[in-house]
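Hello,

Here is the structure for your files. My notes on it follow below.

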Amino acid sequence: MEAVEQLAAAPEPVAEPEEISSIGTDMSIVGTILCTGPVQVFGRIKGELRGANLLVGDGGQIEGKASAQEVTVLGRIKGTIRAVRVKLLGRAAVEGDIFHQRLSIEEEALFEGTSRPLF
């Protein structure tokens with residue numbers, strides 16, 4: 001009974017924490033994914049992904065289009081990336097076009113394609 005009283009007395013949060021959508025390692029999706037918040041991809045996507053911020057984790061793969069304010073790649077993307085800021089980290093592999101305002105590529109990352117300014 002005491003635990004229930006403590007929960008009832010706890011103040012409610014003023015703002016909801018930002019939710020992160022995640023595509024797990026055991027998931028494979030074909031189609032279009034639209035997300036208003038941040039997205040993490042550890043599985044496989046074939047199609048188009050749009051989110052506020054995108055992280056393609058180690059082992060994650062996208063074949064198609066990826067669009068966000070910021071795209072960080074540790075996995076693989078084969079297709080087109082459109083973002084204000086793009087970061088290729090670790091052993092990231094990108095094959096395709098990158099449209100960006102800022103692009104950073106770490107030494108071990110692989111980029112094969114074209115890099116163009118985002119208008």
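Over residues 1-8, pLDDT (the predictor's confidence in each residue, from 0 to 100) stays under 50. For that stretch the model has zero contacts (heavy atoms within 4.5 Å) beyond four places in sequence. Where pLDDT is low, the predicted coordinates should not be read in detail. The protein as a whole averages a pLDDT of 88, and 85% of the residues score at least 70.

This is a predicted model, in which local features need pLDDT of at least 70 and side-chain atom pairs count only at pLDDT 80 or more, while totals for chains, interfaces and linings use all residues. Residues are numbered from 1 along each chain as its sequence is written, and side-chain values use heavy atoms, with hydrogens and water left out.

One helix and ten strands make up the secondary structure (DSSP runs: H or I of at least four residues, E of at least two, numbered from the N terminus). The helix precedes the strands in the order α-β-β-β-β-β-β-β-β-β-β. Among contacts with a separation of 6 or more, 1% come from residues 24 or more positions apart. Of the 119 residues, 32% are buried (under 20% relative accessible area, 1.4 Å probe, protein chains only).

The largest pocket holds about 260 Å³ of space (on a 1 Å grid over the protein atoms alone, an open set of points where a 1.4 Å probe fits, with protein on both sides within 12 Å along at least five of seven lines; lining residues have an atom within 4 Å of a point; the volume is that filled by probe spheres set on the points, which are joined across faces, edges and corners). Of its 15 lining residues, Gln61, Ile62, Glu63, Arg76 and Lys78 are closest to the centre.

Regards

Notes: Buried means under 20% relative accessible area, exposed over 50%, partly exposed in between (1.4 Å probe, protein chains only).
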